[in-house]
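Pull up a chair, and let's learn to read a structure together. The learner will ask, and the teacher will point to the place to look.

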Amino acid sequence: MNFIDNPGKLRGFEKNIRVEKVSRRSILKGLGITGGFVLAAPVMSRQAFAYETGAGKMPHGVVIDPRVFVAVAPDGTVTILAHRAEMGTGVRTSLPLIVAEEMEADWARVKVEQAHGDEVKFGNQDTDGSRSTRHYLIPMRQIGASARTMLEQAAAKRWGVPATEVKAVNHEVVHGASGRKLGFGELAADAAKESVPSIEGLKLKDPKDFRYLGKGQVGIVDLHDITTGKARYGADVRLPGMKYAVIARPPVTGGKLVKFDPDAALKVPGVEKVMQVRGWPWPSKFQPLGGVAVIARNTGAAIKGRDALKLTWDDGANGKYDSVAYRKELEEASRKPGLVVRQEGDAEAALKGADKVLVGEYYLPHLAHVSMEPPVAVADVKGDKAEIWAPVQSPGGTREDVAKTLGIPEGNVTVNVTLLGGGFGRKSKCDFALEAALLSKELGAPVKVQWTREDDVRHDFLHTVSVERIEAGLDKSGKVIAWRHRSVAPSIASTFAAGEKHEAPFELGMGLVDMPFEIANISCENPEAAAFTRIGWFRSVSNIPRAFAVQSMVGEIAHATGRDQKETLLALIGSPRIVKPAVKDMWNYGEPFDSYPIDTARLRKVVELVAEKGEWGRQVPKGHGLGIAVHRSFVSYIATIVEVAVDDKGKLTVPRVDTAIDCGTYVNPERIASQIEGAAIMGLSVAKYGEITFKDGKVEQKNFDDFQVVRIDESPTVTNVHIVPPGPDTPPSGVGEPGVPPFAPALMNAIFAATGKRIRSLPLGKQLEA
Amino acid sequence: MIKVKINGQEQSWDGDPDLPLLWFLRDEAGLTGTKFGCGQALCGACTVIVDKEAVRSCITSINDVAGREVTTIEGLHPNGDHPVQKAWRQVNVPQCGFCQAGQIMQAAALLMDNPKPSHDQIREAMSGNICRCGCYQRIENAVHLASTGV
């Protein structure tokens, strides 16, 4: 583990620091603790990031304040707030662990509490974009160091010795000269009277003294509860008098209810009420689609009641959406010039003068998130106050949207964040919580809105559908001299505003305009594409189709030139350098390029590491093939090698996967491994099965039978994860998402090596069986 | 009146006999450890043990289990120290954790039936349980560990 502790590298970030004058009462209330470590003087001055991140530019920025995040009880229990949502990455453990490390708290005596949604108090809470560790490693260390310093000062005063003579060690403060010791609990009341030290004066621990960070030996805090059924997810919230609801929603995005007949539903035992739910016209960001709710004494009765409803819908303008026809439109658009979003040299002329031009059109259909926990929320609205319990990735945003939807002040809305049974971007959209709020208001009772799996598949904010067309021009020697990449896909922006037909900068920056190859003539274009359904973030977002296209084309170039895939890849990446694409308003995952450049030395290194550890070039049995791919996303660098076996019937198995990740400085390598192992499974699901299609504006799939995901009997036999040790100046970068994008192209390159078949259209489906 | 023994306790139900056991457990009996994932026996999140067999509680009606003994994750072991639970923690299996109760119940049922399953047998027996986070490698290792002594 290496952290930058060099104050000479401090950059001004003062404007982003937030100091909230939080009353003692509200802190105590917020932490649910009586007595203890609560401080009076708000003395925060500046945010001393050792490297700059985009954290301060997120809504509500960063709060570095031990009074908000830490409490020490007289019995020594240290309570640390987790302000980010847990959806499986381990963040609810990792961020508090950072505080505990710096504070010298004994993890066995730490209790983690989940913060409710309040970004003014806690800073930004959007748990997405693979950002939590990269934005909060240093702030959490500073919070821990502040708390430690205050405990040390309190002990020094008690003993009448200089603070420099005392030191916090494993949950107590020690005076070395006299051997005296005081536990954190004994110091809590005095420490609370100390002023919060200024950030620039804080002394952070020497990484060589770390007990927890970088070690990977601390299990997630919810481990025992998860294995015993006690862990509480959104659907597990039960309130006295709570009603259970399911909703029939318009089958076509933007459709409307014409009429409904509730009689049969009301006859179902346990059904209590049938009522309309307000819907918003499309697009409306995350507002509910509307429809008819069935209210019952349990979820089973509500579902049975819904099945008995007679419903008539007006499908509206999107009723013609058809995936087969739309794909043709995208393909045609990709064959014509589009909005130029990156231009270097003259790709048009170079393609004309090339000895050989390779053309690949790569198709990726819509994908559904299908987190194991379908969307669900509980709301209790009383008068002008609302309380929500929900598995949301963005509790701050949920609070804002609930307030707006109900027309009440944000301060009157409490959003309690449960564990998320998976998120993958779906639960960044709080429509299900808004539905619960609307129903509870109308019913005058607490209500749980449960989405069924069919609801989830049919009314998702889907991953976009895309055609990525790449033309690579080669000279006589086989060197790539021209690269034209046209990306055609409806934008996530279309969910926020009508008529958006071009991809947003953050989508273009995910593997299109940031393409790192050393090629003289580059043109990246974005022809128009209109949306006909709700498009949203899906884990890794546009990086999935981009890595699939770019890294498949590398495999095609290797084949066309008779060269090794890995050597071709390294030749295209070119010399170790910082890539600075000629792009206006280049998006870099919200991070400054100074701290997070596009560094081809690091890109090369993960390729070389995975090749070494994954034994690239090894002999594989007949019918097996090796494929490799690399991709930078969420400012991390990831390379994957897949070994595939294809039998004579075209059935595919994956004997081995190796992935190398460079995510800079890291907190918990054990959770990094679990994320990357899981990314291989999700990558395989995308490659093998992932496809949502539309006919007459309606999603044609409904559940895990027709929207399949990979099961254990088809999962890779072994997945090895190789983590690049961070350099001394390497800021932390993303882990949750970047593992997915390189998988599909590595698999398709492996399939080509095994069978000679080039798959350019996902999912694989039965293409090998033909 | 339907009577059923759940985790050793007698429970009764005089509502809709077709009510899926899942919703009886979760909404009526307050045993929320058993999860809803698909409602069609496709994902295994709702797996419980009825007598000695793993069943999907989402398509099993309360009437189907009348007079039988149902074990949910809450009742698998009084302290949560069933070998499968211990192995799960030792291997750090879960990511989000939502499917894990179903996975654990399925694994426990497998080991009752076959105390020393091979890796292929583990994969086959666990293939009805989906984990979207993709914890399969660890699930396989944990079941193996549980079968060989934690």
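What follows is a dialogue about a predicted model.

Q: Let me start with the whole chain. How many helices and strands does chain A have?
A: Welcome! Remember throughout that this is a predicted model. Chain A holds 20 helices and 28 strands.

Q: What does the radius of gyration say about chain A?
A: The idea is to set the value beside what a globule rule gives for the length of the chain. Here the radius of gyration is 27 Å and the rule gives 27 Å for 770 residues, so chain A is as compact as a globular protein of that length. You can also picture a box along the principal axes: the C-alpha atoms of chain A fill roughly 80 × 70 × 45 Å.

Q: Which share of chain A is buried, and which share of its contacts links residues 24 or more positions apart?
A: For burial, count the C-beta atoms around a residue: 20 or more others within 10 Å make it buried. Buried residues are 59% of the 770 in chain A. As for contacts, take those with a separation of 6 or more; in chain A, 81% of them join residues 24 or more positions apart.

Q: Where should I look in the largest nonpolar core?
A: Look for the members that touch the most other members. The core has 274 residues, and A:Ala433 and A:Val606 are the ones to find. Setting aside residues up to four places away in sequence, A:Val606 touches, among others, A:Val630, A:Tyr637, A:Ile661 and A:Val724.

Q: Now a sheet, please. What is the strand order in the open sheet of four strands?
A: Read a sheet from one edge to the other, then check the pairing. In chain A the order is 23-24-25-28, and the pairing is mixed. Strand 23 (624–633) and strand 28 (718–723) of chain A are the edges, each pairing on one side only. Ignoring direction, neighbouring strands are turned by 15° against each other on average.

Q: In which sense do strand 25 and strand 28 of chain A pair?
A: Follow the bridges between them. Strand 25 (residues 652–662) and strand 28 of chain A run in the parallel sense, with six bridges. One bridge you can locate joins A:Arg656 to its partner A:Val718 in strand 28 of chain A.

Q: Which helix packs on the sheet by touching strand 25 and strand 28 of chain A?
A: That is helix 19 of chain A, whose direction makes about 130° with that of strand 28 of chain A. Elsewhere, helix 20 (residues 743–755) of chain A lies across strand 23 and strand 24 (636–646) of chain A, at about 155° to strand 23.

Q: How many residues does each chain give to the contact between chain A and chain B?
A: Treat a contact as having two sides. Chain A gives 49 residues and chain B gives 48. On the chain A side, helix 7 (223–228), helix 9 (299–307) and helix 19 (669–688) of chain A each give two or more residues. The largest share, seven residues, comes from helix 19 of chain A. By character, that side divides into 19 nonpolar, 19 polar and eleven charged residues.

Q: Is A:His369 buried or exposed?
A: Apply the neighbour count again. A:His369 has 23 C-beta neighbours inside 10 Å, so it counts as buried. A:His369 sits in the loop between strand 13 (356–364) and strand 14 (376–382) of chain A. Beyond its neighbours within four places in sequence, A:His369 is in contact with A:Phe424, A:Gly425, A:Arg426, A:Asp460 and A:Phe538. The C-alpha atoms of A:His369 and A:Gly690 are 9.8 Å apart, with their positions 321 residues apart along the chain.

Q: Where can I find cis peptide bonds?
A: Check omega. A:Trp282 and A:Pro283 are joined by a cis bond with omega about -5°, and A:Pro283 is in the loop between strand 9 (271–277) and strand 10 (291–296) of chain A. Another cis bond joins A:Leu762 and A:Pro763, with omega about 0°; A:Pro763 is in the segment after helix 20 of chain A.

Q: What is phi at A:Ser540?
A: Look at the sign and the residue type. A:Ser540 is not a glycine, yet phi is positive, about 85°. A:Ser540 lies in the loop between strand 20 (521–526) and helix 16 (543–561) of chain A, and is buried, with 32 other C-beta atoms within 10 Å.

How values were computed: Residues numbered from 1 in each chain as written. Chains lettered and ligands numbered in written order. Predicted model: local features only at pLDDT ≥ 70, side-chain atom pairs only at ≥ 80, totals over all residues. Contact = placed C-beta atoms within 7 Å. Nonpolar A, V, L, I, M, F, W, Y, C, P; charged D, E, K, R; others polar. Core = buried A, V, L, I, M, F, W, Y, C linked by C-beta atoms within 7 Å. Buried ≥ 20, exposed ≤ 12 C-beta atoms within 10 Å, placed from the backbone. Rg over C-alpha atoms; globule rule 2.2 N^0.38 Å. Pairing = 2+ DSSP bridges. Axes fitted to C-alpha atoms, helices over the stretch in contact; angles between N-to-C directions.
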